[in-house]
There are 2 protein chains.
Amino acid sequence: MSLWKLILTYDGTPFNGWQVQPSLPTVQGTLAHAIHHITGESVLPQGSGRTDAGVHALAQVASFSLDAPIPPANLRHALNRALPASIRILSAEIAPAGFHARHSARRKTYEYRISTAAICSPMLAPYVWSHHLPLDLATLERAAAHILGTHDFTSFSASDPDLATRTNQTDDDPPQEKTAIRTIHHSAWHQHEDLLVYRITGSGFLHHMVRNLVGTFAEAGTGRIPPHSIPTILAARNRSAAGPTAPARGLFLVEVEY
Amino acid sequence: MSLWKLILTYDGTPFNGWQVQPSLPTVQGTLAHAIHHITGESVLPQGSGRTDAGVHALAQVASFSLDAPIPPANLRHALNRALPASIRILSAEIAPAGFHARHSARRKTYEYRISTAAICSPMLAPYVWSHHLPLDLATLERAAAHILGTHDFTSFSASDPDLATRTNQTDDDPPQEKTAIRTIHHSAWHQHEDLLVYRITGSGFLHHMVRNLVGTFAEAGTGRIPPHSIPTILAARNRSAAGPTAPARGLFLVEVEY
């Protein structure tokens, strides 16, 4: 029995999110199917966290155990042959004993991409939020800096109680962490031609947290709220204090650190 | 009654090509539906040429007539609101009398993109041919230079007689041009990181012609055939003399000149 760690990238567009669901294409289900096709073994790979429908990954991590001994390069090649082009295995390796893609994660990095082009290229549309109001970069940066450090992020967590429960059961963070307190190490915007790109690194993320942060920062970027209202929104510990949820398609899971 | 000229860009992935088909999503059908939604008028916009399923356009041209007087900027905005994000109208203008998107076209430019990355990003996969054998750029360039000028391109035209007939009836070129003789003004490769990009400008193109040229150039690029065999392949005037058809997803219609 070997414990495996995969690093994989995927286009979230054709999938109903990471988590396996009956009769719907999901990344976890498609990966499990490919593993079974190659090894004959039925396993459910555990992701570092679930990504919602339409969310992409540049480097998601998954762990699972297999009975069959397989050279890591062979498993990677065989999976890339069996999987659709929308999922690629970047690396496959034997993990140290006790490794778990979700429970062992220490820091995660997400990126969110907004296109400010007057007409968004159809080839880019599945990967950005096409935002039609001007967004001021300096204001976005001031707003984003307010969440650095350790805060209670209840105001930026999915308000749907069912979603919140699912989050505590199965989302990013170790199951013992039942609070909404998270530590943010990096939170910054940069501009690249028509793209505004937000990058955030933290100890963990509540369900919808990055999309709710981006939706709120965008409210600041358009001048609807002042950037210094972010501390007030955090202090409210109420989802309704924050801005709308930014669309899934602009979000990328970029890195998981262990 | 006004004659309209639209310039539009689309992602070919979700469509069964340009040409309208019953019960299948096509670019022409989706555009006709949006025009009807806005104006109440049933028209079939004529493209500069049909693109096959999976082929993309950076600047396709379409023409049609409308009874209703509409300011051009309003038609563009209304169409972009009515259309899916996979089709964007870049410009809408009143065309000179007698203009026809296909019959009036003088030159067209296509681009073909090959990814040579060991693992092709899922976000790039719908827009490139992921080619797993090394391709020599200098050899690709030598092969591509052989088609400059005026030649009979029968060897690079779709061999399916049904397809060939359809081409003469409805494809790129004025209907009087029933021969396979075309003039190529530009035919060159360049490399940008992991992408090999081929660009071709010509008086017109037979069905599958760019994809058959790229498939044949790739045979030269891998060393399977010498680049100087291109004139021999042209002289054969036989589809079986040339290489395979490159996949649709790497092909972009870039510009139509009038």
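The two copies meet through the same surface, because 100% of the interface residues of chain B are also interface residues in chain A. Keep in mind that this is a predicted model. In the contact, 16 residues come from chain B and 16 residues from chain A. On chain B, the elements that give two or more residues to the side touching chain A are β1, residues 2-10, and β4, residues 87-94. Of these, β4(B) gives the most, with three residues. By class, that side of chain B divides into ten nonpolar, four polar and two charged residues.

Now the relation between the copies. In general, two copies of a chain are related by a rotation about an axis and a shift along it. Here, a turn of 180° and a shift of 0.0 Å along the axis lay chain B on chain A with an RMSD of 0.0 Å. The two copies are thus related as by a two-fold rotation axis.

Next, chain A taken alone. Chain A has six helices and ten strands. Its radius of gyration is 19 Å, and the globule rule gives 18 Å for 258 residues, so chain A is as compact as a globular protein of that length. Along the principal axes, the C-alpha atoms of chain A fill a box of roughly 60 × 45 × 30 Å. How much of chain A counts as buried? The figure is 43% of the 258 residues. As for contacts in chain A with a separation of 6 or more, 75% of them are between residues 24 or more positions apart.

On to the helices. Two packed helices are described by the angle between their axes and the distance between the axes. In chain A, helix α1, residues 27-39, packs on helix α2, residues 72-82, at an angle of about 115°, and the axes are 9 Å apart. The crossing of α1(A) past α2(A) is right-handed. Which residues meet there? From α1(A) there are A:Ala34, A:His37 and A:Ile38, and from α2(A) there are A:Ala78, A:Leu79 and A:Ala82. The residues of this contact divide into five nonpolar, one polar and no charged.

Chain B has its own pair to go through. The axes of α1(B) and α2(B), the latter being residues 72-82, cross at roughly 115° and come within 9 Å. Again the term is right-handed, for the way α1(B) passes α2(B). On the α1(B) side the contact has B:Ala34, B:His37 and B:Ile38, which meet B:Ala78, B:Leu79 and B:Ala82 in α2(B). By class this contact has five nonpolar residues, one polar and no charged.

One residue to finish, B:Val27. B:Val27 lies in helix α1 of chain B, the helix that covers residues 27-39. Is B:Val27 buried or exposed? B:Val27 is buried, because 29 other C-beta atoms lie within 10 Å, and the cut-off for buried is 20 or more. Leaving out residues up to four places away in sequence, B:Val27 touches B:Tyr10, B:Phe15, B:Trp18 and B:Ile87. Two of the elements named earlier come back here by residue number: β1 of chain B covers 2-10 and β4 of chain B covers 87-94. A last distance concerns B:Leu196, which is 169 residues from B:Val27 along the chain. The C-alpha atoms of B:Val27 and B:Leu196 are separated by 27 Å.

Technical notes
Residues numbered from 1 in each chain as written. Chains lettered and ligands numbered in written order. Predicted model: local features only at pLDDT ≥ 70, side-chain atom pairs only at ≥ 80, totals over all residues. Contact = placed C-beta atoms within 7 Å. Helix = DSSP H or I, 4+ residues; strand = E, 2+ residues; numbered from the N terminus. Nonpolar A, V, L, I, M, F, W, Y, C, P; charged D, E, K, R; others polar. Axes fitted to C-alpha atoms, helices over the stretch in contact; angles between N-to-C directions. Left-handed = near helix turned anticlockwise from the far one by under 90°. Rg over C-alpha atoms; globule rule 2.2 N^0.38 Å. Buried ≥ 20, exposed ≤ 12 C-beta atoms within 10 Å, placed from the backbone. Least-squares fit on C-alpha atoms with pLDDT ≥ 70 in both.
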